[in-house]
Amino acid sequence: AGLRAVKAAGGLTFAQDPETAQYDGMPQSAIETGCVDFVLSIPEIACALSRITALPVQEDSEEKGAESTADHHEDTQRILHLLKGSTGIDFTHYKPATIGRRVQRRMAVHGLDGVAAYADRLRTRPAEAEALTNDLLIGVTEFFRDPVAFEALAASVYPAFQPGSSGDRSVRVWVAGCSSGEEAYSLAMSLLEFYQDAPVPQVQIFATDLSAKAIAKARSGVYSREELRRGLSEERIDRFFTPVENGYRISKRVREMCVFARQNLIKDPPFSRLDLVSCRNLLIYLKQAVQARLLSLFHFALKPGGFLLLGKSESITSAHGLFAPLDKTNRIYMKTKTHSTYQSAETRVDGPQREQLGRPNEPAYDETRFDLQMEADRILLARYAPGGVVVNDKLEVVLYRGYTGKYLEASPGKPDLDLRTMIRPGILREMEQAFEQARKEQLPARIESLQVRRDSESAQINLEVIPLGPPGQTATYFLVVFEDVTARGGQARDVSPAPAAEGNDDGRDLEIARLRRELCHTQAYLRSNMQKHAARDEELTALNEEILSSNEELQSMNEELEAAKEELQASQEELVTLNEELRSRNAELARLNDEIRKALQRAEESGAYAGAVVETIRQPLLVLDRELRVQGANAAYHRSFGTTPEQTAGKRIGELDGWGDVPALQTMLEQALSGGQPQENELEDKWRGERSLLFHVRPIQISGKPGPLILLAIDDVTAQKRALEASGLRRLSAHLQQQLEAERTRIAREVHDELGQALTALQFELGALKGAPEPWGAKVPKLIAAVQGAIQTARDIATDLRPPLLDEFGLQAAIEWQLEAFGKRTGIETALTYDLEILPPNPDLLTALVRVLQEAITNIARHAQASLVTVSLHDGEDYLVMEIADNGVGIDMVRLSDPRSLGILGMRERCAAHGGQLGFANRGDGTTLTAKLPIPRGNPSSSLTEPGTTRASGAE
Ligand SMILES: C[S@@+](CC[C@H](N)C(=O)[O-])C[C@H]1O[C@@H](n2cnc3c(N)ncnc32)[C@H](O)[C@@H]1O
């Protein structure tokens with residue numbers, strides 16, 4: 001049904017080539033409907049679609065109306081002419097819009113974008129004529145189409161067929177334009193249902209159609225399940241059909257009631273003595289004049305009191321009283337007694353004779369309204385048939401009447417119907433004047449005694465221009481009458497009724513005869529006018545009825561609209577809720593937007609603030625990228641190192657003026673980059689060998705930048721150092737450290753040697769008292785235990801004051817002892833990598849190392865929350881390097897520069913006292929402290945394998 005509908009509406013239809021389909025059932029049955037234009041594979045369908053959609057859309061030729069170009073019209077005429085030539089069917093009676101649409105459809109099928117191109121194709125490919133004919137004969141149909149109409153027939157028409165009601169024993173029905181037979185069979189079925197058990201009169205259904213293909217199918221009486229299902233109930237299918245191999249066949253009984261024949265309704269003779277003519281959905285495709293003729297034909301073919309059934313959108317408007325409506329809604333009409341005006345095809349004045357002679361795009365003259373030719377002839381006859389022409393308001397000839405060769409002559413070149421170019425010399429101006437006057441005044445204009453030249457001869461004529469048209473309407477056609485006065489003896493004849501000369505019988509008789517004729521014509525004219533008026537009245541009545549029924553339709557549409565309105569209202573309510581939701585979401589979005597804007601503003605402000613801070617602080621700052629190139633330097637840097645932004649931007653740190661090679665800083669920066677953790681270190685004599693700088697390195701991740709940047713803050717501590725040196729404080733501090741160590745060593749010795757020995761002696765004495773009489777005997781063991789505790793305490797104090805092993809067994813043993821004691825005390829695991837080949841003989845330096853270790857591990861135990869401490873001692877270039885690494889939470893870099901962090905200060909001072917450095921690095925998984933102490937030059941290093949050679953100075 002879909003395919004048929006699409007095709008009927010002028011659309012194009014595609015089916016997948018079953019050969020390419022996974023399941024070929026659907027495309028196969030679509031192809032079998034005969035409604036498929038293209039059978040293609042899927043990629044080919046896509047190509048065809050894009051080709052078709054790329055074609056320019058042609059305007060509907062009807063819409064184009066007068067604007068349609070002469071070329072277009074000519075091409076369409078050529079198409080119709082070619083069609084008539086190859087199929088014998090004259091489609092000029094069909095509505096131009098229908099023709100236009102169908103031609104366009106075929107053009108699209110072939111991918112052609114011009115009517116002319118299509119006309120050429122039609123000429124060269126005979127098969128195309130058949131295809132276009134099939135398209136033009138739109139065969140859309142179905143069983144019981146518009147079922148209510150069949151109910152109405154059963155209610156008001158079939159009862160009139162009762163035998164005897166028309167004095168005839170058989171019922172004769174004509175289905176004109178029956179397509180593939182569904183309508184004829186539906187009528188047969190409904191008649192059988194109507195008669196039920198009653199005796200069925202002999203029913204003959206003549207079903208005709210112009211399409212041979214459709215008639216062949218109708219005759220076969222076989223339909224697919226789909227076609228049946230469209231209009232038939234299961235009950236009807238069971239009753240009237242039997243399944244066959246390729247579908248369902250109509251029952252013998254129904255088939256025998258129908259006779260199918262190919263017939264062209266427009267030109268072939270009709271059936272006669274019919275009870276019912278059903279011509280549905282055919283007239284709509286035909287021009288109004290042809291519709292009128294066919295209605296008159298049906299009137300002729302029907303018995304008196306016979307019925308006419310039309311399609312849902314067809315009416316008897318152009319039937320001029322031949323039918324009376326019986327059931328307007330269902331388009332059932334009854335033949336009236338009016339005399340039929342039907343003329344058989346042979347007697348009809350048709351074709352070129354009647355075709356207008358005007359330009360091709362000029363609207364056809366509507367003969368139903370006013371018979372131009374008749375009127376012209378009437379006037380000319382009244383004037384003894386002089387020559388004349390009918391012209392339109394552009395002075396173009398539309399009809400020639402009588403002999404006009406004396407006054408007109410075709411000019412050489414293309415045919416031209418303009419009277420001005422045809423008229424013989426001498427009368428053009430006068431003719432134009434008369435025409436203008438007649439057109440303006442809408443009254444005849446006459447000019448007499450004009451001399452018209454023809455070759456060497458000249459003739460005298462009277463010329464009259466007479467407006468033509470129904471009374472009361474502005475004439476748009478004019479009759480130009482040429483009266484040859486010369487031919488009547490050189491006497492100009494006055495055509496106005498002249499009073500007959502008295503006693504002149506001949507003249508009187510002539511005048512009477514002329515007047516009679518004129519009277520006759522006037523009567524005929526009046527009669528025809530009255531008839532036309534009557535017909536128009538009927539037409540108006542019918543129109544009125546149609547309007548009334550349209551009104552009913554409108555009312556039901558109104559009801560539908562009301563229902564739709566209610567639905568709309570419900571939808572509207574939903575929309576309101578939705579709108580509310582959207583509004584609240586919008587508000588939320590606006591709020592978020594606002595927050596984002598504020599955050600951005602804050603970020604901008606923070607950026608500006610940070611920029612201002614960076615620029616204002618007095619500490620030099622550098623920002624480096626991943627490749628350690630300078631991205632920015634603050635004003636303090638430029639001030640402090642005497643550079644300009646141009647000199648620093650994009651330079652590597654080593655390329656900066658005065659820096660030179662800085663491997664320690666480089667390492668520190670790389671560690672910060674890879675570990676992502678802040679570092680702090682102090683490098684001396686690294687800027688032009690003059691300045692001591694303390695570096696703070698902090699990696700920073702900036703959103704939108706690929707890798708971290710490094711913020712390198714520099715403290716120039718040269719001045720402090722120098723001041724410290726100059727003030728002798730450092731030396732004093734070093735001296736104090738030495739004194740302190742010496743004092744500690746002395747106290748430790750005294751505690752260990754003097755007190756320890758006295759306590760040991762006491763322990764022996766007490767041991768001798770074991771077994772003494774009571775009360776002493778019981779107390780002795782307690783006293784011995786107390787003395788042993790005192791001995792241990794004295795040892796611990798001595799050990800704390802001075803790691804004993806350093807003096808006796810050397811640095812490695814002292815460190816090992818420290819770590820073991822630390823491990824026992826704190827539970828933190830320790831490890832030592834001792835990789836020193838040479839050892840500076842300076843016992844103070846060794847003491848400093850041990851003290852730094854002591855302080856560092858004490859700090860780790862207090863703050864780092866570590867579980868492992870690794871100590872490594874190795875030789876650096878001119879340095880002894882000790883690294884103490886923990887796996888704790890990392891050191892707070894602020895603490896490093898806090899003057900209240902006395903432990904850190906102490907470690908720094910110990911290193912500084914020996915010309916060394918102390919640095920801290922946060923690795924991300926703990927902290928590493930690095931102490932670098934220079935091995936004094938010129939001093940022969942001592943072998944580490946000789947313990948005891950390193951002695952604290954205080955031990956001397
Ligand atoms: C749209 S169908 C209508 C079929 C059927 N009457 C119905 O209403 O279901 C129109 C039919 O009129 C036929 N037709 C068109 N012009 C015709 C003509 N001049 N003579 C006979 N049949 C014609 C077509 O072939 C087509 O089958």
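Let's start with one pairing: Pro 243 has Tyr 248 in strand E7 as its bridge partner. This is a predicted model, and that pair belongs to one of the sheets described below. Another stop on the tour is a ligand with 21 residues around it. There is also a five-stranded sheet with a helix packed on it.

**The three-stranded sheet**

- Where does E7 sit in the order of its sheet? The order is E5-E7-E6, in an open sheet with antiparallel pairing.
- That leaves E5 and E6 as the edge strands, each pairing on one side only.
- E6 covers residues 241-244 and runs antiparallel to E7, with four bridges joining the two.
- To get from E6 to E7, the chain makes a hairpin through two residues.
- Look for Val 244 of this pairing, which stands opposite Gly 247 in E7.
- E5 is made of residues 222-223, and it pairs with E7 (residues 247-250) over two bridges, again in the antiparallel sense.
- Tyr 248 turns up on this side as well: it is the bridge partner of Tyr 223. So you'll meet Tyr 248 as partner to Tyr 223 and to Pro 243.

**A separate hairpin**

- Strands E11 (residues 323-327) and E12 (residues 332-335) run antiparallel and are joined by four bridges.
- One pair to pick out is Asp 327, whose bridge partner in E12 is Ile 332.
- How many residues lie between E11 and E12 in their hairpin? There are four, and Arg 331 in the turn has a positive phi of about 55 degrees.

**The five-stranded sheet and its helix**

- Five strands make up this open sheet, and they line up as E14-E13-E17-E16-E15 with antiparallel pairing.
- At the edges you'll find E14 (397-401) and E15 (445-454), and each of them pairs on one side only.
- Neighbouring strands here are turned against each other by 25 degrees on average, direction ignored.
- Inside the sheet, E16 (residues 457-468) and E17 (residues 477-484) run antiparallel, with eight bridges joining them.
- Pro 467 is part of that pairing, standing opposite Phe 478 in E17.
- Which helix packs on this sheet? That's H18, residues 428-441, which touches E13 (387-392), E15, E16 and E17.
- The direction of H18 makes about 155 degrees with that of E15.

**Around the ligand**

- The closest of the 21 surrounding residues are Tyr 94, Thr 141, Glu 183, Asp 209 and Asn 281.
- Sorted by class, the shell holds nine nonpolar, eight polar and four charged residues.
- Asn 281 has a polar side-chain atom 2.7 Å from an oxygen atom of the ligand.
- In the side chain of Asn 264, an N or O atom is 2.9 Å from a nitrogen atom of the ligand.
- With Arg 280 the backbone does the job: a polar backbone atom there is 2.9 Å from a nitrogen atom of the ligand.
- Is the ligand mostly buried or exposed? On its own it exposes 600 Å², and the protein buries 98% of that.

How values were computed
Residues numbered from 1 in each chain as written. Predicted model: local features only at pLDDT ≥ 70, side-chain atom pairs only at ≥ 80, totals over all residues. Heavy atoms only, no water. Pairing = 2+ DSSP bridges. Near = heavy atom within 4 Å. Polar contact = N/O pair within 3.5 Å; in protein donor to acceptor, adjacent residues only side chain to side chain. Areas by Shrake-Rupley, 256 points an atom, 1.4 Å probe, with all protein chains shown as cover. Nonpolar A, V, L, I, M, F, W, Y, C, P; charged D, E, K, R; others polar. Axes fitted to C-alpha atoms, helices over the stretch in contact; angles between N-to-C directions. Contact = heavy atoms within 4.5 Å.
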